[in-house]
Protein chains: 2
Amino acid sequence: MSALPNDFLHDATRLTEDATRPFPASRKIYVEGSRPDIRVPMREISLTPTKTRDGIEPNAPVTVYDTSGPYTDPAAHINLLKGLPALRAGWIAERGDSEPLKGLSSIYGRIRAADDKTAHLRFEHIRQPRRAKAGANVSQMHYARRGLITPEMEYIAIRENARLQELRESYEQAGYLRRMHAGQSFGAMLPKEVTPQFVAQEVARGRAIIPANINHPELEPMIIGRNFRVKINANIGNSAVSSSIAEEVEKMVWSTRWGGDTVMDLSTGKNIHETREWIIRNSPVPIGTVPIYQALEKVGGKAEELTWEIYRDTLIEQAEQGVDYFTIHAGVLLRYIPWTANRMTGIVSRGGSILAKWCLAHHQENFLYTHFEEICEIMKAYDVSFSLGDGLRPGSIADANDEAQFGELHTLGELTEKAWKHDVQVMIEGPGHVPMHLIKENMDEQLKHCFEAPFYTLGPLTTDIAPGYDHITSGIGAANIGWYGTAMLCYVTPKEHLGLPDKDDVREGIITYKLAAHAADLAKGWPGAQVRDNALSKARFEFRWEDQFNLGLDPDKAKEFHDETLPQEGAKLAHFCSMCGPHFCSMKITQDVRDYAAQVGADEQTALEQGMAEKSAEFKQQGAEVYRKA
Amino acid sequence: MSALPNDFLHDATRLTEDATRPFPASRKIYVEGSRPDIRVPMREISLTPTKTRDGIEPNAPVTVYDTSGPYTDPAAHINLLKGLPALRAGWIAERGDSEPLKGLSSIYGRIRAADDKTAHLRFEHIRQPRRAKAGANVSQMHYARRGLITPEMEYIAIRENARLQELRESYEQAGYLRRMHAGQSFGAMLPKEVTPQFVAQEVARGRAIIPANINHPELEPMIIGRNFRVKINANIGNSAVSSSIAEEVEKMVWSTRWGGDTVMDLSTGKNIHETREWIIRNSPVPIGTVPIYQALEKVGGKAEELTWEIYRDTLIEQAEQGVDYFTIHAGVLLRYIPWTANRMTGIVSRGGSILAKWCLAHHQENFLYTHFEEICEIMKAYDVSFSLGDGLRPGSIADANDEAQFGELHTLGELTEKAWKHDVQVMIEGPGHVPMHLIKENMDEQLKHCFEAPFYTLGPLTTDIAPGYDHITSGIGAANIGWYGTAMLCYVTPKEHLGLPDKDDVREGIITYKLAAHAADLAKGWPGAQVRDNALSKARFEFRWEDQFNLGLDPDKAKEFHDETLPQEGAKLAHFCSMCGPHFCSMKITQDVRDYAAQVGADEQTALEQGMAEKSAEFKQQGAEVYRKA
């Protein structure tokens with residue numbers, strides 16, 4: 001029995017059926033690792049057989065990477081009031097380098113815990129926070145550098161492979177491995193198969209991060225690095241203008257359903273402490289935040305009143321809730337700020353502008369920069385990863401690749417080295433608005449000056465002239481920069497620059513970024529990425545409509561679009577589609593050509609290459625049934 | 001008084017208000033050339049002034065390229081029953097190399113003209129068709145090669161410049177010319193200013209085409225070539241399954257409204273002859289078709305019954321109606337067909353598959369290839385341009401860049417040379433489905449083997465896994481290939497592979513391609529392309545919301561999205577936006593920084609660079625009004 005008020009419970013504890021319905025023709029599978037508590041979730045999409053003249057040929061199911069957590073598993077028991085199972089709790093405890101605290105370490109956390117006014121919306125099952133034992137470092141980078149392969153690393157290796165090795169033979173038989181293109185990876189070193197050792201090496205080298213706070217044991221481990229699948233992030237968060245706790249939890253689940261690999265909670269409104277707790281306890285993916293937003297709320301929105309002490313307390317508060325990565329704008333240096341004054345659009349990063357204001361008001365160096373080593377100490381006590389913020393990113397095409405932007409990038413490289421000395425994990429945030437021909441320079445500069453620490457970019461938008469379509473202007477830039485080596489792409493929704501995204505916008509933004517990330521995986525040559533394309537194209541060619549929908553990133557929309565034109569159930573069995581009608585269906589005609597070849601008793605190649613005058617006559621003779629019934 | 005039945009008139013003669021409403025804050029202007037009948041339409045977007053501490057600073061209006069024809073001109077008198085004014089009629093007549101015919105030359109045209117059953121839907125004001133006089137060649141290429149600069153060429157030069165030279169000073173003052181990036185054009189030779197001479201040179205060289213049939217005098221001349229703005233094509237057309245004449249005319253107008261530079265009528269259903277007449281008579285943009293579709297209808301859908309005579313009659317029928325370019329799949333050679341048998345998705349071009357079937361049935365070489373010279377004779381008698389079809393384009397990632405595709409491309413190069421010997425204009429169609437890293441090879445091969453004849457591509461789609469979002473998977477490929485040198489991008493709508501696009505899908509597809517083409521223009525360095533980005537970003541930064549909407553490609557959607565979150569009129573005057581609220585608005589904060597600098601009596605740069613301890617105190621003192629009221 002919960003002590004929470006009924007109306008709150010009613011709202012906060014249900015998810016819509018839209019957000020939790022299992023995907024069509026899909027089942028959740030778990031691949032076990034070297035120990036029974038390593039169970040890596042994936043989604044298996046089953047397909048219908050191909051009908052041939054001689055009968056039917058089965059099509060092997062396709063296994064895909066799955067970010068949706070237990071929510072799409074009909075066998076899972078979801079209770080938002082209790083949160084997800086703490087699947088990593090044992091791994092964290094058995095390492096013996098952290099301990100549960102008696103209470104919260106942050107002043108603010110304690111105040112909120114004791115606050116009667118917010119009791120009615122507080123998550124009830126807050127765990128004891130954990131922290132590294134004195135002198136210990138609980139970061140995955142630290143383990144990797146000491147040669148330890150953690151269960152998280154093994155989990156990730158299994159996850160990234162998506163059973164490619166295991167399924168190779170069945171994929172081969174089903175025809176999904178035809179004409180796999182070698183990629184062009186611009187110096188990335190993609191493995192043929194991801195091993196736990198490879199994961200550890202990449203993390204030790206700083207080329208990949210595993211965002212996994214020891215206070216977020218619910219998360220399903222994932223990795224961000226140029227030598228892995230390209231990931232995407234979705235933003236959620238309430239603001240002064242809008243949104244409630246229940247909505248934010250729903251948005252998080254909704255985001256992971258469509259493919260969000262991480263979720264950033266960018267709340268700036270009321271009750272952000274409480275909202276965050278609900279989100280983290282129920283999130284199967286890493287959660288990122290921008291702590292300066294909350295720190296600013298604590299000083300009533302007055303940037304000049306921010307202090308290191310308030311900020312530090314905020315970091316600890318959030319680290320003990322389980323935030324997995326922090327955006328920290330430590331590269332916004334006083335000397336760079338004047339360089340933004342003549343820009344077309346000045347400083348467009350919220351965090352960057354807050355710090356710029358603080359620097360100006362105090363005429364002192366950015367306190368995140370001056371206290372950077374102390375921040376590292378906090379990060380390693382909980383294993384929070386840095387996402388070094390690009391506070392001076394360009395907000396318009398005009399401002400792309402200017403001295404302010406690249407000046408800050410160089411400082412982020414300097415900070416990367418500092419963090420790495422502490423074995424703290426780092427990724428680097430990137431632009432913004434950049435015309436296509438200047439995108440590669442961003443990647444090259446980042447790789448060079450930040451030593452291949454994972455790049456995490458917002459788009460970039462490749463033109464400014466399409467408000468309402470900036471998921472697309474930026475999806476173009478995202479696909480390109482992902483190909484060049486960016487590890488994670490922060491999504492943009494159609495509402496960018498205009499308003500707050502609703503559920504449809506979030507889905508539209510995520511699918512756009514998912515397809516951009518996949519296009520990048522294909523282009524850089526991620527092993528097996530093309531299996532899904534091939535399986536889908538084969539289904540398309542064979543008029544297996546339902547298979548085509550189900551293999552797509554958004555089966556619901558594909559089906560809905562199809563049904564708008566041809567709503568009858570029978571149309572999904574039709575051997576032509578609504579665009580051209582039967583006479584003009586090129587796929588149908590190609591099939592006829594193949595059928596014809598098969599019928600005359602030769603394989604297609606031979607049939608077509610032989611002198612065919614006689615066969616041609618035969619073909620004409622059968623002309624009455626050129627569009628043969630199935 | 002029209003002889004057409006009332007219910008038909010009711011449907012066919014009105015356009016929706018959506019399709020004809022002038023754009024907000026915009027007026028249609030006409031730039032006059034060297035003679036009064038050269039009046040080039042453009043759209044001028046007026047902007048509100050910038051409010052500063054000292055008063056207001058005006059922002060110069062921005063002139064943009066306009067494809068929408070007279071439909072968005074409130075002064076134009078639109079009568080679909082009569083068609084658009086024949087603005088090129090005088091130019092064509094005065095050249096003295098063509099003559100009006102007594103009647104239609106095609107057998108089919110004459111049959112339809114006399115057909116009582118279709119009288120009720122026939123366009124009533126069919127002009128006498130014109131044809132070149134015996135021995136004459138009326139192609140723009142022929143004129144250009146003889147050193148003639150036609151009014152069409154001058155018109156295009158004015159149009160491509162969009163008044164950049166004339167407005168340079170006012171753009172400078174308004175701040176739109178800041179930080180204009182040089183592009184990376186991969187060997188294109190973009191002029192600083194487009195002159196009529198340059199247009200003529202490019203057309204003479206075959207590097208650009210002006211699709212402009214002498215029987216389509218209504219069109220507003222435009223050019224397709226790598227050294228000009230990247231263009232986009234929108235497809236319309238009824239099929240056996242759906243659509244009426246009235247709908248097709250509305251779709252054509254709708255397409256040009258949002259930026260379609262040309263429109264292809266891909267009809268395959270009933271009454272395509274009559275539908276085409278209505279479309280051409282009312283179209284301000286070039287119309288392309290795939291004549292084999294109609295030829296196939298004439299033989300009851302039986303590819304093997306197609307003959308050169310029927311096809312030839314179809315070319316003449318359509319040329320005399322005024323079709324500006326024909327897709328002709330003359331490169332689908334018998335020997336290439338076997339190469340497609342082992343593909344993932346065989347032949348996906350409708351035209352390609354029809355011809356493949358014909359070739360197989362007859363075991364003869366493609367009759368479009370064997371009769372190519374005769375086709376050239378028809379093309380030059382009306383100035384119809386070739387769009388040499390890529391009948392063997394890949395229909396899946398797996399099939400990209402294979403031997404069938406490139407084999408056909410080489411043949412298209414051979415045909416280009418043949419057509420050029422006749423001074424007939426040529427563009428080359430391209431893929432299809434191609435992963436990002438293989439796109440450039442397509443462009444390079446095309447430039448090399450087709451001697452820089454304009455490339456006209458469908459996408460390409462960069463992954464197969466997102467049905468329902470293929471405008472985006474292909475928009476990514478389109479932006480890239482446009483940057484590499486493709487001259488025109490054929491749009492893809494969200495319904496691709498799934499169903500027939502409705503009006504919203506057409507708009508979504510066009511805007512996606514328009515932004516991709518613009519991103520390509522920015523990246524290749526089209527002179528002045530960035531003016532619109534800069535003007536919009538400046539408006540965004542200064543919270544001139546309406547200006548931001550109006551400068552966008554789709555003002556309606558931008559405004560609608562904004563209003564979903566903040567519907568009050570006042571919100572469009574707000575100095576912050578709905579995403580962050582006032583405290584977190586980075587643009588607001590940057591403005592504060594600038595204001596502060598201005599207030600303390602120094603320009604920003606100096607203010608920020610000076611030692612500022614004192615100024616810092618001052619700033620804090622004013623802290624109570626950090627977010628100053630406007």
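Two strands count as paired here if DSSP finds at least two bridges between them. With that in hand, welcome to a set of close-up views of a predicted model.

**Figure 1. A three-stranded open sheet in chain B, with Tyr30(B) and Pro41(B) facing each other.** In β2(B), the residue opposite Tyr30(B) is Pro41(B). Their strands, β1(B) and β2(B) (residues 39-45), are joined by seven bridges and pair in the antiparallel sense. Stepping back a little, the open sheet has the strand order β1-β2-β5 in chain B, with antiparallel pairing. At its edges lie β1 (26-32) and β5 (62-65) of chain B, each of which pairs on one side only. On average, and with direction ignored, neighbouring strands in this sheet are turned by 40 degrees against each other. Look also for helix α6 (residues 151-161) of chain B, which lies across β1, β2 and β5 of chain B. This helix runs at about 10 degrees to β2(B).

**Figure 2. The closed barrel of chain B, with a helix packed on its strands.** Eight strands make up this closed barrel, in the order β10-β11-β12-β13-β14-β15-β16-β17 of chain B, and their pairing is parallel. From one strand to the next, the twist averages 25 degrees. Strand β10 (residues 231-236) of chain B and strand β11 (residues 262-265) of chain B run parallel and are joined by four bridges. To find your way along this pair, start at Asn235(B): its bridge partner in β11(B) is Met264(B). Helix α10 (residues 272-281) of chain B packs on the sheet and touches β10, β11 and β12 (287-289) of chain B. The direction of α10 makes about 155 degrees with that of β12(B).

**Figure 3. Helices α11(B) and α13(B) crossing in chain B.** The axes of helix α11 (residues 291-298) and helix α13 (residues 350-362), both of chain B, come within 9 Å and cross at roughly 50 degrees. That angle is why α11(B) counts as oblique to α13(B). The crossing of α11(B) past α13(B) is left-handed. On the α11(B) side, the contact is made by Ile292(B), Tyr293(B) and Leu296(B). On the α13(B) side, Arg350(B), Gly351(B), Ile354(B) and Leu355(B) take part. By character, the residues in the contact of α11(B) with α13(B) comprise five nonpolar, one polar and one charged.

**Figure 4. Helix α11 of chain A and its surroundings.** Six of the eight residues of helix α11 (residues 291-298) of chain A are buried, so this helix is largely enclosed by the rest of the structure. The buried residues of α11(A) are Pro291(A), Ile292(A), Tyr293(A), Gln294(A), Ala295(A) and Leu296(A). After α11(A) comes Gly300(A), with a positive phi near 65 degrees.

**Figure 5. Gly260(A), a buried loop glycine.** Gly260(A) is found in the loop between α9 (245-258) and β11 (262-265) of chain A. Its relative accessibility is 0%, so Gly260(A) counts as buried. Leaving out residues up to four places away in sequence, Gly260(A) touches Thr67(A), Ile232(A), Ser255(A), Val285(A) and Ile510(A). Asn79(A) lies 181 residues from Gly260(A) along the chain, and their C-alpha atoms are separated by 21 Å.

**Figure 6. Chain A as the setting for the previous two views.** The secondary structure of chain A comes to 25 helices and 17 strands. Of its 630 residues, 70% count as buried. Among contacts in chain A between residues at least 6 apart in sequence, 76% join residues at least 24 apart.

Key:
Residues numbered from 1 in each chain as written. Chains lettered and ligands numbered in written order. Predicted model: local features only at pLDDT ≥ 70, side-chain atom pairs only at ≥ 80, totals over all residues. Heavy atoms only, no water. Axes fitted to C-alpha atoms, helices over the stretch in contact; angles between N-to-C directions. Parallel < 35°, antiparallel > 145°, perpendicular 65-115°, else oblique. Left-handed = near helix turned anticlockwise from the far one by under 90°. Contact = heavy atoms within 4.5 Å. Nonpolar A, V, L, I, M, F, W, Y, C, P; charged D, E, K, R; others polar. Buried < 20%, exposed > 50% of the residue type's maximum accessible area, 1.4 Å probe, protein only.
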